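Please examine the sequence and the structure below, then work through the exercises that follow.

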Amino acid sequence: MSSTSRPQGEDTPWAESPEQDWDNLLPAVSQEAATNAPEARRSSDERKASEEQGAAGIRRGAAAAGREGHRGNGLLEPAGHGHTTRQDKAQAQRGTEAQRGTEARATAARDAAIEDRPRALGLRRALITISVPLATLMLGVRAIATPAFLWLEYHRPGFPKDPFGFSTDDRMTYGSYGLEYVLNTAPSRYLGDLTTPDGQSIFTPAEVSHMTDVKHVMLWALVGVVLFCLVALVGMKGLRRRAPGAIQKSIFWGAWLTLVVLVVLGIFGALGWQALFTGFHEVFFSGGNWAFRESDSLIRLFPEQFWVDAAVGIAIFGVVVSAVLLISTWPTAYRRQRALKAAHDRQEIRDRLSR
């Protein structure tokens with residue numbers, strides 16, 4: 001078979017022999033190969049990687065099928081291997097659940113830190129404010145119901161003498177019994193069995209009954225005030241850190257509220273002491289067993305002047321306590337700056353956590 005002849009001429013690019021033809025084309029081919037070499041290498045590498053991934057996938061599929069087959073027939077699986085695998089899976093699942101729980105708690109803690117606002121702040125501040133006058137008045141009443149105040153009353157100039165014969169020592173003895181009975185848990189015999197040296201009872205059954213009612217009112221009032229103050233103290237938890245200045249402001253306004261209450265009661269007492277005294281007894285002793293004769297021991301030991309002085313003493317005690325609280329919580333420039341700085345610091349922490 002004859003080879004195809006090439007046209008010969010002056011413009012013919014082909015050489016007369018194959019060797020000369022290759023020698024002429026070699027520079028161009030070398031340059032093109034050098035240009036396409038990186039692309040060729042990349043294509044080759046990609047093909048190799050694709051082939052390796054395919055082989056790995058086939059191996060994994062075969063291994064999974066083998067494990068399924070082993071679990072299905074139980075012939076090629078070693079003894080205890082299935083139980084170990086299930087145990088490992090259970091442990092892995094428990095670990096995953098524990099990790100999720102930890103992450104959930106961490107997320108909740110972070111959200112709480114970002115919020116960082118105490119719940120029911122207004123209610124808690126109101127409880128603190130109201131607890132101040134309640135505690136102050138109760139402490140004032142307790143300070144009055146002491147033998148020390150009784151001694152001051154009986155020995156102060158101008159205190160009325162007993163027209164029926166009780167001496168100052170008799171008043172101190174029997175009056176102290178009355179005050180102690182109001183504040184202790186003794187039965188009514190504590191007063192009912194009290195007699196004079198000649199054997200006469202100091203207090204009549206009606207007087208003992210009234211003092212028992214006073215005991216109940218005092219004890220329930222004391223328990224109520226203590227419980228209310230405990231609730232207010234619980235409400236203070238976390239306010240110093242999360243609401244800087246809230247406790248201080250609440251106590252400050254509570255001191256002012258105490259003064260307002262004392263002023264109102266003082267006005268009513270100055271305008272009509274007898275009406276105020278009667279209204280108080282009708283509210284707390286509705287049974288009507290609080291009215292006695294002037295010859296009864298309760299009137300002789302605790303005349304009207306004693307209760308006027310007791311009211312004045314409670315008012316003075318309340319004013320002193322309120323003044324101390326106002327001085328210690330007055331919103332000075334330094335205290336305001338300290339509260340603002342604490343609030344600013346808390347805000348910066350919330351801003352960093354929210355990023």
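The exercises below treat the overall fold, one loop residue and one surface patch.

This is a predicted model, in which local features need pLDDT of at least 70, side-chain atom pairs count only at pLDDT 80 or more, and totals for chains, interfaces and linings use all residues. Residues are numbered from 1 along each chain as its sequence is written, and side-chain values use heavy atoms, with hydrogens and water left out.

**Exercise 1.** Determine how many helices and strands the protein has.

Solution. Helices (H or I, at least four residues) and strands (E, at least two) are taken as DSSP runs, numbered from the N terminus. The protein has 13 helices and zero strands.

**Exercise 2.** Establish whether P303 is buried or exposed, and where it lies.

Solution. Step one: P303 is placed in the loop between α11 (297–301) and α12 (304–329). Step two: buried means under 20% relative accessible area, exposed over 50%, and partly exposed in between (1.4 Å probe, protein chains only). P303 has a relative accessible area of 13% and is therefore buried. Step three: apart from neighbours within four places in sequence, P303 is in contact (heavy atoms within 4.5 Å) with F159 and P160. Step four: K161 is 142 residues from P303 in sequence, yet their C-alpha atoms are 9.6 Å apart.

**Exercise 3.** Identify which element gives the largest share of the nonpolar patch.

Solution. Step one: α3 (121–144) and α9 (246–271) are the elements that give two or more residues to the nonpolar patch. Step two: the largest share, five residues, comes from α9. Step three: L265 lies in helix α9; at 41% relative accessibility, L265 counts as partly exposed.
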